[in-house]
Amino acid sequence: MTNVSERPGAAPGEGIGFVGLGVMGQPMALNLAKAGTKLVVWNRSPAAGDPLREAGATVAAGVEEVFERTRIVILMLVNEMVLDEVLRRGTPDFAKLVSGHLVVSMGSNPPDYSRGLAADILAAGGRYVEAPVSGSRKPAEMGQLVALLGGDQETVAEVRPLLAPMCRETILCGPVGNALLMKLTVNLYLCTMLAGLTEAAHFAESNGLDLKTFQAAIDSGPMASDLTRVKIPKLISRDFSVQAATADAFNSTKLIAEAARAAGMASPVLDLCRTLYGESVELGNGRLDMVSVVAAIEARTAALRRS
């Protein structure tokens, strides 16, 4: 029996569409182009397409052109509102776009939303796979993302090989909805772990400890990880340039909390971290890296010292 990861995806020379060239989407699309994938791309902000044009991709004039020229279309869009807008969902143009197409959504959306979108695409004569990715901009640039795949087995098998230039791993999660639930599970750990890491750095600094020594202590022990090796230097240098945005982390914690309530479960650690990410967004850090959550913790410390 052929393993699903070995089954063919696009036909040789077949073009692939890619819509959404933001913080994550642009490096993902660039890795596809560099691997020789024939790409047709589009982004709502046209300038984001320039590096793809230089890499040999065709930059479409609109999303309609992407669907006209390709059968498989990858979407890397910020949220479900943008997805619906781009796909013209709720209008007659939706069916015209997706009929006969395989739509792959790689962004993070609510699982119930994804199930509804899958049903609408199927009803319009198309197919759908959800493939949210775990990782931030640096892994995206290096082609080291992890894709979580949800959909029917045959369609997932067709999509899976296409993701290799972007992802070091592809993990099968079952039907549509499960991959996004798994992404929320991973993000619960990520968001709470990062908030804890930033609070530990703030604790060290507030007690007069050298943060580079803190880094050495973490790096030499069992808690060392790719995350700590990337994020602690950013905390030391106060480099909040975006790899994964604070606003996206805040939105993710919101989705996790909603899913937790739907399952009838408590999420006390997540709920506190959600508040902190929200406070950092209110401080103007929404488009900065999620390590800027330390600013919310520092603001709390400053308020405590004033009281």
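## K183 and the strands β1 to β3

K183 has 8% relative accessibility and therefore counts as buried (under 20% relative accessible area, with exposed over 50% and partly exposed in between, for a 1.4 Å probe and protein chains only). The model is predicted: local features need pLDDT of at least 70, side-chain atom pairs count only at pLDDT 80 or more, and totals for chains, interfaces and linings use all residues. Residues are numbered from 1 along each chain as its sequence is written, and side-chain values use heavy atoms, with hydrogens and water left out.

K183 lies in helix α9 (residues 178-206); helices (H or I, at least four residues) and strands (E, at least two) are DSSP runs numbered from the N terminus. Leaving aside residues up to four places away in sequence, K183 touches S108, P132, V133, S134 and L148, where contact means heavy atoms within 4.5 Å. An unreviewed UniProt entry places the feature "active site" at K183; such annotations may be inferred rather than shown by experiment, feature names are shortened, and positions follow the numbering used here.

Strand pairing requires at least two DSSP bridges between two strands.

| Pair | Sense | Bridges | Opposite residues |
|---|---|---|---|
| β1 (residues 16-19) and β2 | parallel | four | I16 and L39 |
| β2 and β3 (residues 58-59) | parallel | two | V41 and V59 |

From β1 the chain passes through helix α1 (residues 25-34) to β2 in a right-handed β-α-β crossover, meaning that with the strands pointing away from the viewer, the path from the first strand over the helix to the second runs clockwise.

In a regular strand the side chains alternate between the two faces of the sheet. In β2 (residues 39-42), L39 and V41 on one side and V40 and W42 on the other are all buried, and both faces are covered.
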